[in-house]
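Hi everyone, thanks for coming. I'd like to walk you through one model today, and I'll start with a question once it's up on the screen.

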Amino acid sequence: MNKNPDRQNRAFWLKHLHRWHWISSALCLIGMLLFAVTGITLNHAGQIEAHPTVTQRDARLPQQLLPLLARAPQSDKAPLPRTVADWIDGRLALELAGREAEWSDDEVYVSLPRPGGDAWLSLDRASGDIAYELTERGWVSYLNDLHKGRNTGAAWSWFLDIFAGAALLFCITGLFLLHLHAGNRPATWPLVGLGLVAPLLLALLFIH
């Protein structure tokens, strides 16, 4: 006996939609939890008190490396010479190689922004004196910056793109599953409509 084609078609789509729905949910579960929590902390950032800690360190470049600073680059924005960057990296545990620096007549300034804080380094071109300052604003600020992708680098940017794709797949497969089950669940589309209308009304009425 031949099976009902409509039932076979429904079973086919249910099988594949459920498969991709759980795969995408597994891929983006931790990311969704992180973004949900940081969505709350970002929404109440003004009420969450931060206690920044500032660390300052000094050093002096060896005399034999000073001539490398005397030769100004063609542009006023260029990385430090590799030898100079490597010496500072070893002394202050930084990663300066390839980072853009701002060159002036007297100093070289390197901005070192990071998630949850900020840092900078100033290098006197004549004396070789190095001043370094690191400001850390705590874990909440760190996670908030991860949420925004602020100063997080290429690897985290790729993660955000992959996470967004998985979340999009999760939502789309969920929408089709709602469609397949809506016949037995009359409240399905009113609830979906509420999810659309509620933020739309809030934006139109209360955001100016």
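Which residues of helix α4 are buried? Have a look at residues 139–148 while I say that this is a predicted model. The buried residues there are Ser-141, Asn-144, Asp-145 and Leu-146. The cover over them includes α1, β5 and α5. Just after α4 comes Gly-149, with a positive phi near 70°.

Let's stay with two of those covering helices for a moment. Helix α1 spans residues 5–43 and helix α5 spans residues 153–181; their axes come within 7 Å and cross at roughly 140°. Is that antiparallel or oblique? With the antiparallel class starting over 145 degrees, α1 counts as oblique to α5. The crossing of α1 and α5 is left-handed.

Now to the sheet. Six strands make an open sheet in the order β1-β6-β5-β4-β3-β2, and the pairing is antiparallel. Which strands stand at the edges? They are β1, residues 53–60, and β2, residues 77–79; each has a single partner strand, so one side of each has no neighbour in the sheet. On average, neighbouring strands of this sheet are turned by 25° against each other, ignoring direction.

Let me go through the pairings, beginning at the β1 edge. Eight bridges connect β1 and β6 in the antiparallel sense, and one pair to look for is Ala-59 with its bridge partner Ile-130 in β6. Moving along, β5 and β6 are also antiparallel, over seven bridges, with Ser-122 opposite Ala-131 in β6. The hairpin of β5 and β6 has four residues between the strands, and Gly-128 there takes a positive phi near 85°.

Next door, five bridges join β4 to β5, again antiparallel. Here Val-108 has Leu-123 in β5 as its bridge partner. In this hairpin there are five residues between the strands, and Gly-116 has a positive phi near 75°. Then β3, residues 100–103, pairs with β4, residues 107–111, over two bridges in the antiparallel sense. Those two strands form a hairpin with three residues between them. The bridge partner of Trp-103 in β4 is Val-108, the residue that is also bridged to Leu-123 in β5.

While we're at β4, which of its residues lie on the covered face? That face has Val-108 and Val-110, whereas Glu-107, Tyr-109 and Ser-111 make up the uncovered one.

What lies across the sheet on the β1 side of that strand order? Helix α3, residues 82–92, lies across β1, β5 and β6, running at about 125° to β1. This helix also brings us to the core.

In soluble globular proteins, nonpolar side chains tend to be buried together. Here the largest nonpolar core has 24 residues, and those touching the most other members are Leu-80, Ile-88, Leu-96, Leu-121 and Leu-123. Elements giving two or more residues to this core are α2 (66–70), α3, β3, β4, β5 and β6. Which of them gives the largest share? That is α3, with four residues.

Leu-96 is a nice one to click on. Setting aside its neighbours within four places in sequence, Leu-96 contacts Leu-80, Ala-85, Ile-88, Asp-89, Val-110, Leu-112 and Leu-121. There is also a second, separate core of eight residues, including Cys-28, Leu-146, Ala-166 and Ala-167. You'll remember Leu-146 from the buried residues of α4.

One last residue before we discuss. Thr-135 lies in strand β6. Is Thr-135 buried or exposed? Its relative accessible area is 15%, and the cut-off for buried is under 20%, so Thr-135 is buried. Not counting residues up to four places away in sequence, Thr-135 touches Pro-52, Thr-53, Val-54, Gly-116, Gly-117 and Asp-118. Among these is Gly-116, the one with the positive phi in the hairpin of β4 and β5.

That's my tour. Over to you for comments!

Methods
Residues are numbered from 1 along each chain as its sequence is written. This is a predicted model: local features need pLDDT of at least 70, side-chain atom pairs count only at pLDDT 80 or more; totals for chains, interfaces and linings use all residues. Side-chain values use heavy atoms; hydrogens and water are left out. Two strands pair if DSSP finds at least two bridges between them. Axes are lines fitted to C-alpha atoms, for helices over the stretch in contact, and angles run from 0 to 180 degrees between N-to-C directions. Contact means heavy atoms within 4.5 Å. A nonpolar core is a set of buried Ala, Val, Leu, Ile, Met, Phe, Trp, Tyr and Cys residues joined through side-chain atoms within 4.5 Å. Buried means under 20% relative accessible area, exposed over 50%, partly exposed in between (1.4 Å probe, protein chains only). Angles under 35 degrees count as roughly parallel, over 145 as roughly antiparallel, 65 to 115 as roughly perpendicular and the rest as oblique. A crossing is left-handed if the near helix is turned anticlockwise from the far one by less than a right angle, and right-handed if clockwise.
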